[in-house]
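Let's take a walk through this two-chain model together. Keep the 3D view open as you read, and turn it as each part comes up.

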Amino acid sequence: MSCSEKEFRRRFLRRCLLRLLIGVFFLAVGLLRTDAAEQPVSFVNDVVPLLTKSGCNVGVCHAKAGGGQKGFQLSLLGFEPQEDFESLTKEGRNRRLFFGSPDQSLLLLKASGQMPHGGGVRLAANSEGYALLRQWIREGATFDSGVAPKLVSFEVQPARGTIQRLAEQKLKAIAKYSDGSVRDVSGMALYESNDKAMADVSERGLVKISDIVGNVAVMVRYQAKVAVYSASVPLGAPVENLPSSKNFVDEHVFANLKALGIPPSVICDDATFLRRVTLDIGGRLPTEEESAAFLASKDEGKRDKVIDELLRSPDYADFFANKWTALLKNRRDDESDTVSNFAFHAWVRDSFLANKPYDQFVRELLAATGTVIGNPPVAWYKRVKEPKQQIEDVAQLFLGVRMQCAQCHHHPFERWSQDDYYSLAAFFSQVGRKPSGTRGEDLIFHKRGIATAANMKTGVPLKPGALGDAIPEIAADEDPRLKLADWMGSKNNPFFAKSLVNRYWKHFFVRGLIEPEDDIRDTNPPTNPALLEALEKHFVASGFDLKELVRVITQSRAYQLSEVPNQHNIVDRQNYSRYYPRRLQAEVLLDAIDRLAGTQTDFANLPPGTRAVALPDNSYNRSSQFLRVFGRPEAESVCECERVQSSSLAQSLHLLNAPELKAKLAAATGRAERLAKEDKPAEAKVRELYLAAFSREPRPQELKTAIDYLNEPGTAANANYQDLIWALINTKEFLFNH
Amino acid sequence: MTDVVYCSRYRSMLLATLICGASLTSVLFGQSVGLPAPRLLTTIPMGAKVGTQVEVTISGEHIEDADELTFSDRRITAARKLNAAGQPEPNKYVVTIAADCPVGIHEARVMTRLGISSSRAFCVGTLDEAVQTKANTTLATAMELKVNSICNATMTQRAVDHYVFEGRKGQRIIVDCATRGIDSKLDAVVIIADAAGRDLLVERRGGVLDFSVPADGKYVIKVHELTFKGGQPHYYRLAVSELPVGAPIVRLPSTKPVNSFSWPPQGLKGQAELAESEPNNDRTKAQKISLPCDIAGSFFPAADVDVFEFEAKKGDVWWVEVASERFGLPTDPSILVQHVARTGDTEKATDVAEFSDIPSPVKVSSNGYAYDGPPYNAGSADILGKLEIKEDGLHRLQITDLFGGTRNDPKNIYRLVIRKAAPDFAVVAWALHMELRNGDRNAVSKPLALRGGATMALEVVTIRRDGFDGDIDLAMEGLPEGVTASGLKIPAGQSRGLILVTANQNAPRAVGSATFFGRATINGEVMTRPCRLASHAWPIPDSWGEIPSPRLMADVPVSVSGREFSPLTLTPPKEVQTVTAGEKLTIPLLHTRRSEFSGGTLQLKTMGAGFDRTPQFDVSLTADQSQAVLDTAALKTAPGDYLIAFYGGAVAKYRHQPEAIVAAEETHKKAVQELMAIEAEVKKLTEAAKAAATEAKPEADKAVEAASAKQKVATATVAAAAEKVKQATAAAQPRDIVDIVVSEPIKIRVNAPAGK
């Protein structure tokens with residue numbers, strides 16, 4: 001044991017004793033002053049961590065970033081001790097600390113609940129923390145920054161490990177200081193699990209694992225430092241008869257499953273695959289003809305071929321443009337937005353159709369100049385006007401980094417400082433605007449000059465910097481945005497490709513390798529790091545080829561696993577041992593219903609037959625209750641979470657009896673009406689319906705049930721077909737991609 | 001007695017229809033802006049092959065009585081199309097394009113009762129022409145299009161037009177679509193798809209599709225409006241042609257943007273003397289040039305920087321001009337000139353000058369709801385500036401496109417000229433507009449179609465070149481009889497002037513192609529430069545809902561109606577009004593009113609250098625005369641000769657073609673009389689048939705039948721005539737229309753005070 005450890009232990013024991021004395025012998029407190037004065041309480045290393053642990057300096061309480069309740073403002077999570085000291089000792093008419101009688105300090109009276117406190121009791125009067133604060137006040141409430149040893153590193157023990165289900169693991173948080181001292185700060189550190197369903201962690205660092213298998217991480221924070229405990233929770237079942245690997249995706253997925261002892265489900269059947277991949281790539285159901293041909297084909301390579309066919313089709317471009325335009329905020333607030341929104345949507349869609357490399361796509365967007373009609377990505381600058389908003393959106397969307405916090409203070413979970421934030425903003429500081437002939441639209445150009453952005457707090461102008469990476473000097477004539485695009489598209493960029501492959505992985509597998517998909521940080525590790533790295537490398541090596549990425553993912557056996565769990569993998573929610581079913585998104589579901597019902601939804605001023613996935617912007621949500629109920633986003637956020645995929649009662653009721661749905665079923669030109677009139681056997685008609693809805697033939701029992709229903713006397717034939725279609729729509733098999 | 005009854009019945013029917021019509025009219029007509037002006041809005045087809053004859057159908061506003069269809073090039077002629085009976089078919093013409101007619105865009109106009117209409121672009125080309133004759137909005141109804149042909153079509157709203165052509169493997173097919181460049185409102189999306197309609201290649205920015213046919217077979221071209229708008233104003237010409245691999249693409253002809261009036265400088269050669277030579281992207285690869293120079297270059301590839309180096313001497317003054325945006329390209333050139341001092345391997349670059357836009361000579365409309373300036377930008381994103389050399393030695397010039405950071409298009413070319421001062425100017429004009437009603441920009445697309453007694457003002461602006469700062473006089477020649485033009489010069493150091501075109505009350509109906517020019521004395525030499533006319537392609541009643549689309553016109557036609565007159569003429573004395581500087585001048589104005597007006601007064605402003613800061617003043621709209629008082633002391637007007645006019649907005653109770661009611665009533669009366677005669681005949685024949693003997697009965701019945709048929713036709717004729725009366729009466733109902741009233745020009749001489 002080092003001297004410093006001994007010293008800490010000694011101090012710890014003394015403080016325990018102190019707490020005891022305070023608790024038991026209230027009047028004897030004064031006796032401690034001499035002793036305490038010899039070992040003064042450190043504001044930086046004792047008081048601030050205590051305030052943080054007690055939750056005083058979080059956003060909703062007294063953090064300045066959140067406004068600071070009742071005028072008492074502390075820096076968020078104690079990142080600015082100097083400011084906190086000023087706030088405690090000099091503001092609030094000096095009432096916060098009462099040196100004559102420390103217990104009468106407002107700080108202690110409120111924190112201990114002796115005076116009304118909106119935040120409740122944070123430090124009981126008999127707590128160790130209370131005593132610590134009182135001691136600091138008693139000692140004269142000194143500020144010891146520059147004197148006290150500095151926190152130089154922080155770690156959690158153990159850093160990783162394999163742990164069985166329902167087991168517990170106590171974490172130990174160790175802080176190391178500039179004077180060489182080491183301190184166990186387990187009681188003062190903050191703990192947070194990245195998957196609370198898998199692992200819960202107590203305030204003292206006790207991790208309790210649930211019965212869910214996989215990988216989980218616990219973030220441990222202390223002052224401005226973070227550490228991560230990564231746990232692997234195996235199932236331990238025998239993993240035999242793994243499907244043969246189609247590509248590197250399978251190798252990594254299956255290796256992980258083997259390590260965790262989770263046997264994967266079997267490969268799904270052709271019908272399921274065709275429906276799944278058509279929905280995931282083309283955003284639509286397969287046609288009856290496509291399904292019949294695919295099911296009948298004996299070609300061993302037919303799955304790969306259908307993937308290529310879908311990637312060639314405009315459906316792919318429409319579907320992915322629908323995804324990206326919402327994230328890029330292609331939002332209509334005014335009628336005058338119409339042209340720019342159509343142009344922007346079309347640019348995105350055409351980019352995907354032409355398989356423009358992703359780095360080029362982002363480059364054209366970030367460094368857009370000119371007019372919206374001449375260069376549609378300029379429309380992004382109409383939506384996202386301020387440099388701060390621009391870098392926050394760019395960082396979150398294209399780098400998977402959430403920078404918002406760093407605008408006002410050091411990022412609480414990350415290494416990003418305000419300097420990092422404003423250095424990134426500097427890339428957008430030379431965006432010039434000129435009025436255009438179109439109301440509300442500017443011409444965008446590069447304004448000559450040295451790019452800088454002033455740190456809001458220090459006022460120091462900062463040159464462009466890319467999240468810790470040095471950027472060579474940018475001349476006044478050079479558009480800094482192009483340099484940002486160069487950095488993003490460089491092969492070694494740690495965020496750009498990773499963020500995209502993770503986002504696309506989630507598109508196909510429901511769950512990202514990192515969740516949320518746009519929150520990539522050291523403290524939020526991927527569930528399968530090797531797979532993420534391999535995907536990233538493959539994507540970069542392919543020249544940022546999005547279609548190739550989709551191809552390699554969808555060709556994998558992992559993607560083609562059945563959604564039906566085996567006896568073991570029902571507990572798996574993150575290791576892709578089976579396909580995780582997902583409710584069709586609003587636009588896809590509406591199109592699917594139209595296809596099955598043989599109808600078209602009429603969208604204002606668009607050609608009849610326009611699919612919902614091809615809508616250029618959010619404005620159609622206003623007229624479509626269906627799209628609203630099923631969560632089509634309003635393009636207000638770069639977060640995919642704006643799209644609501646959860647279920648609701650309104651959705652169920654809508655599917656059961658909404659007038660819109662009834663009208664589709666009863667449409668004079670609809671499928672029910674046609675089938676009722678068509679002169680062919682009922683069996684053929686039922687087969688057609690099953691192929692249209694599920695891309696498969698009906699099972700014998702299904703066929704019998706349907707035909708019996710159709711043959712029931714007393715009801716008009718068209719009503720029977722309407723009922724049958726209604727019933728098919730209301731099955732999970734229809735409503736979900738599975 | 002019978003006749004009286006019939007007459008009475010028809011008259012009451014007519015009255016009823018008139019009453020209905022009148023009440024309808026009062027509901028429909030609120031106050032509108034701009035007296036009716038004839039506007040030719042579409043011609044179908046929009047062009048023709050050189051050396052052929054084609055039938056053209058026109059449509060527009062206030063062109064119902066159009067007679068002549070004329071073109072800016074006399075080698076295109078038109079005659080009314082006659083029906084089988086030898087009568088002209090409404091709105092149809094047979095147009096003949098002579099074999100020697102130049103290929104390109106020409107102006108088409110019609111002469112109407114109100115005078116010459118606004119223009120519509122008419123294209124003459126070399127490809128075979130086709131016309132979309134039926135809906136082709138699905139793959140199944142796709143229109144067959146031969147390679148090396150061009151189709152004239154109108155976009156259907158909320159639809160995609162489909163065409164199909166036969167392609168051979170390896171063929172290079174160029175698909176080009178003319179829209180905005182031929183005055184259409186269409187922002188075209190053009191797609192080449194496979195035979196199943198699946199998109200292969202898409203163009204949405206007005207570019208051209210360069211398609212290498214992958215395999216023999218049918219290919220589909222889809223065309224739609226960017227936001228799926230459609231209807232008459234959204235027309236297009238779709239050309240499909242084969243081009244050898246490697247051959248340069250020649251786009252379909254297009255009208256010129258307004259700001260192109262200032263290019264090229266007088267005497268500039270058609271081809272530049274020098275071409276930029278890549279790589280010249282940085283200082284180590286700078287292209288050596290010597291001044292003066294004339295260089296052709298391209299902003300290619302993306303983020304291209306072209307660097308040139310030249311030697312210059314301290315005190316040298318050069319003028320730098322770049323054209324690129326004025327070619328109609330989406331570029332924004334920028335130049336930086338630095339002095340370079342080298343010591344060994346190190347160098348020090350010092351900024352000497354930066355050049356970017358050519359500012360608009362006058363404030364351009366912000367495109368807001370209220371009118372705050374002309375919606376024409378005579379300035380440009382191009383460059384025109386003075387380069388003063390401050391030190392001897394090496395200088396480096398770098399040119400970039402501020403819009404070119406991510407764009408890879410070799411078609412974005414530029415021409416860079418650096419010359420010694422060659423003082424000069426260019427002028428452009430457009431119809432004067434003022435705030436009449438929020439959002440309305442009626443005047444900016446008006447033709448020079450004058451009513452008798454009217455004065456129309458054109459706003460004229462100049463781009464001055466290489467330091468020229470003197471007066472620019474404005475004039476028009478070749479005007480029709482009874483029409484005069486008075487230029488309110490562009491004063492020295494300023495950029496804006498006006499020209500007033502006045503038709504006297506007795507000017508006969510006529511049209512003429514005028515010559516419009518600016519004239520200045522530069523370095524002792526009188527220089528005359530043509531003044532181009534600019535107009536918007538379409539009337540803009542709501543500037544919030546419509547993006548303006550201005551362009552230059554090829555010619556300056558001026559016409560007089562001869563049939564309709566200005567609601568109000570303000571006539572000052574013809575002789576020069578004299579005043580001594582520092583004193584007040586009172587100018588009597590004679591009012592010739594030919595209409596009722598809403599409101600009792602007209603607020604007048606003053607136009608013309610020296611007096612344009614005169615405070616607004618009111619004149620009565622009911623009086624026959626008024627006077628204007630100009631205070632040269634307050635205005636500090638210097639001694640000299642001046643030309644001014646007064647103008648303001650007045651709301652006239654306009655009656656459209658009231659003489660048409662008389663003619664329609666006359667026609668109706670005749671029709672009624674004919675009908676009555678026929679009815680009498682029928683009655684007579686019916687009675688005769690009843691009384692006819694058996695053998696004569698069939699003949700008598702036949703006669704009754706024939707007369708009854710005539711009666712049916714006559715009844716229909718009466719109904720049609722009544723409808724005409726109704727329409728003419730409705731049109732002639734007084735409507736509140738606000739328009740700009742401009743006085744006739746006033747000559748003023750300000751004398752120096754005695755002893756000075």
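In which loop of chain A is the place of A:Asn605? A:Asn605 sits in the loop between α21 (586–597) and α22 (625–629) of chain A. Please bear in mind throughout that this is a predicted model.

**Unusual backbone spots**

A:Asn605 makes a good starting point, since it has a positive phi of about 65° although it is not a glycine. Most residues other than glycine have a negative phi, and most peptide bonds are trans. A:Asn605 counts as partly exposed because 14 other C-beta atoms lie within 10 Å, a number between the limits of 12 or fewer for exposed and 20 or more for buried.

A:Val510 is another residue other than glycine with a positive phi, here near 75°. You will find A:Val510 in the loop between α18 (496–509) and α19 (529–541) of chain A. A:Val510 has 16 C-beta neighbours inside 10 Å and is therefore partly exposed.

Chain B has cis peptide bonds to look at. One joins B:Trp263 and B:Pro264, with omega about 0°, and B:Pro264 belongs to the loop between β20 (235–242) and β21 (274–275) of chain B. Another cis peptide bond links B:Glu278 to B:Pro279, again with omega about 0°; B:Pro279 is in the loop between β21 and β22 (287–288) of chain B.

**The two chains as wholes**

Here are the overall values for each chain.

| Chain | Helices and strands | Span along principal axes | Buried residues |
|---|---|---|---|
| A | 29 helices, 16 strands | about 105 × 65 × 50 Å | 47% of 738 residues |
| B | 4 helices, 50 strands | roughly 130 × 90 × 40 Å | 44% of 756 residues |

What share of the contacts in chain A between residues at least 6 apart joins residues at least 24 apart in sequence? In chain A that share is 64%. For chain B, residues 24 or more positions apart account for 74% of the contacts with a separation of 6 or more.

**Inside chain A**

An open sheet of 4 strands in chain A has the order β2-β10-β9-β6, with mixed pairing. Its edge strands are β2 (160–162) and β6 (190–193), each pairing on one side only. On average, neighbouring strands of this sheet are turned by 20° against each other, direction ignored. Strands β9 (residues 214–222) and β10 (residues 225–233) of chain A run antiparallel and are joined by 9 bridges; in one of these pairs, A:Asn215 has A:Ser232 of β10(A) as its bridge partner.

Further along, helix α26 (residues 682–694) of chain A has 13 residues and reaches 18 Å from its first C-alpha to its last, close to the 18 Å expected at 1.5 Å a residue. The buried residues of α26(A) include A:Val686, A:Leu689 and A:Phe694, and A:Lys685 is also among them. After α26(A) comes A:Ser695, whose phi is positive, near 65°.

Is A:Ala558 buried or exposed? A:Ala558 counts as buried because it has 30 C-beta neighbours inside 10 Å. This alanine is in the loop between α20 (546–555) and β15 (582–583) of chain A. Leaving aside neighbours within four places in sequence, A:Ala558 is in contact with A:Val249, A:Asp250, A:Val253 and A:Tyr576. A:Val253 is 305 residues away along the chain, yet the C-alpha atoms of A:Ala558 and A:Val253 are separated by 6.9 Å.

**A hairpin in chain B**

Strands β16 (residues 188–193) and β17 (residues 199–203) of chain B run antiparallel, joined by 4 bridges. B:Ala193 has B:Asp199 of β17(B) as its bridge partner. The two strands form a hairpin with 5 residues between them, and B:Gly197 in the turn has a positive phi of about 90°.

**Contact and core**

Where the chains meet, 33 residues come from chain A and 30 residues from chain B. On the side of chain A, α12(A) gives the largest share, 7 residues. That side has 15 nonpolar, 11 polar and 7 charged residues.

The largest nonpolar core has 366 residues, and those with the most contacts inside it are A:Val220, B:Leu238, B:Ile499 and B:Val501. Strand β48 (residues 640–654) of chain B gives the most to this core, with 10 residues. Apart from it lies another core, of 10 residues, including B:Ile661 and B:Ala728.

Technical notes:
Residues numbered from 1 in each chain as written. Chains lettered and ligands numbered in written order. Predicted model: local features only at pLDDT ≥ 70, side-chain atom pairs only at ≥ 80, totals over all residues. Pairing = 2+ DSSP bridges. Contact = placed C-beta atoms within 7 Å. Nonpolar A, V, L, I, M, F, W, Y, C, P; charged D, E, K, R; others polar. Axes fitted to C-alpha atoms, helices over the stretch in contact; angles between N-to-C directions. Expected span 1.5 Å × (residues − 1). Core = buried A, V, L, I, M, F, W, Y, C linked by C-beta atoms within 7 Å.
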